[in-house]
Amino acid sequence: MRIGELAARAGTTTRTLRYYEARGLLPARRDGNGHRTYDEDDLRLLRQIRTLQDFGFDLEETRPFVECLRAGHPEGDSCPASLVVYRRKLAELDALIGQLTAVRESVAGQLARAERARDELAVEALAPGGPEPLCELGGRER
């Protein structure tokens, strides 16, 4: 198939395919007229790349999976190099989850502090001679 058909079937652009070719992820085969030609195996490569990118893998991280498919394996993740990439990505995700958990705990702590302060002000406002409550826009309630 030609580049336009492959791009359409893969849900991408011809520009992207040329970029993948330049990066060595997609083979650069040409017919007698110099047109790029592709087959179903190339479509499989592109689908593997797309799936991994949807999972958050960088383009270069897809290389071991592509090479595994090119070597004739039925799946791109059946080779040792692909498993190494999976393990590295899981470690990155675990680190990010840890960071997000810490941020979430900080925000939850700030919220709890703000709610306590609000409640204390509300109690003070109800006491005789307590401060007059402020409205949400910064003015005094009437």
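A residue counts as buried when its relative accessible area is under 20%, as exposed when over 50%, and as partly exposed in between. Keep that cut-off at hand as you work through these exercises on a predicted model.

**Exercise 1. Which residues of helix 4 are buried, and how does R63 earn its place among them?**

Step 1. Start with the whole chain: it has five helices and zero strands, so from the N terminus on the elements read α-α-α-α-α. Of its 142 residues, 24% count as buried.

Step 2. Now turn to helix 4. Six of its eight residues are buried, and the helix is mostly covered. The buried residues are R63, P64, F65, V66, C68 and L69.

Step 3. Check R63 against the cut-off. R63 has a relative accessible area of 18%, and buried means under 20%, so R63 is buried.

Step 4. Look at the surroundings of R63. Leaving out residues up to four places away in sequence, R63 touches R23, G24 and L25.

Step 5. Finally, see what comes after the helix. Helix 4 is followed by G72, which has a positive phi, near 100°.

**Exercise 2. Which two residues form the disulfide, and where in the chain do they lie?**

Step 1. A search of the whole structure finds one disulfide.

Step 2. The partners are C68 and C79, with their sulfur atoms 2.1 Å apart. A disulfide calls for sulfur atoms within 2.5 Å, so this pair qualifies.

Step 3. The angle about the S-S bond is 80°, and the link of C68 and C79 is right-handed.

Step 4. Place the partners: C68 is in helix 4 and C79 is in the loop between helix 4 and helix 5, 11 residues apart, so the pair links distant parts of the chain. Both C68 and C79 are buried.

**Exercise 3. Which residues make up the aromatic cluster with F57, and how are their rings arranged?**

Step 1. The whole structure holds four aromatic pairs. One of them joins F57 and F65, with 6.1 Å from centre to centre and 85° between the planes. An angle over 60 degrees counts as edge-to-face, so that is the name for the pair of F57 and F65.

Step 2. F57 also pairs with Y86, again edge-to-face, at 6.2 Å centre to centre and 80° between the planes. This pair links distant parts of the chain: F57 lies in the loop between helix 3 (40–54) and helix 4 (63–70), while Y86 lies in helix 5, 29 residues apart.

Step 3. Put the pieces together: F57, F65 and Y86 form one aromatic cluster.

Step 4. Apply the burial cut-off to the members. F57 has a relative accessible area of 7% and is therefore buried; F65 is buried too. Y86, at 27%, counts as partly exposed.

Step 5. Add one more neighbour. The charged end of K89 sits over the ring of F57, 5.2 Å from its centre.

**Exercise 4. Is S82 buried or exposed, and what does S82 touch?**

Step 1. Find S82 in helix 5, which covers residues 80–126.

Step 2. The relative accessibility of S82 is 0%, so S82 counts as buried.

Step 3. List its contacts. Not counting residues up to four places away in sequence, S82 touches P64, F65, C68, G76 and D77. You have met some of these names already: F65 belongs to the aromatic cluster, and C68 to the disulfide.

**Exercise 5. How are helix 1 and helix 2 oriented to each other?**

Step 1. Helix 1 spans residues 3–10 and helix 2 spans residues 14–22; their axes come within 9 Å and cross at roughly 100°.

Step 2. Angles of 65 to 115 degrees count as roughly perpendicular, so helix 1 and helix 2 are roughly perpendicular to each other.

Step 3. See which residues meet: I3, G4, L6 and A7 from helix 1 face T14, L17 and R18 from helix 2.

**Exercise 6. Where is R29, and which residues is R29 in contact with?**

Step 1. R29 is in the loop between helix 2 and helix 3.

Step 2. With 32% relative accessibility, R29 counts as partly exposed.

Step 3. Setting aside neighbours within four places in sequence, R29 is in contact with H35, R36, T37, Y38, D39 and D42.

Technical notes. Residues numbered from 1 in each chain as written. Predicted model: local features only at pLDDT ≥ 70, side-chain atom pairs only at ≥ 80, totals over all residues. Heavy atoms only, no water. Helix = DSSP H or I, 4+ residues; strand = E, 2+ residues; numbered from the N terminus. Buried < 20%, exposed > 50% of the residue type's maximum accessible area, 1.4 Å probe, protein only. Contact = heavy atoms within 4.5 Å. Phe/Tyr/Trp six-rings, centres within 6.5 Å; stacked < 30°, edge-to-face > 60°. Lys NZ or Arg CZ within 6 Å of the ring centre and 35° of its normal. Axes fitted to C-alpha atoms, helices over the stretch in contact; angles between N-to-C directions. Parallel < 35°, antiparallel > 145°, perpendicular 65-115°, else oblique.
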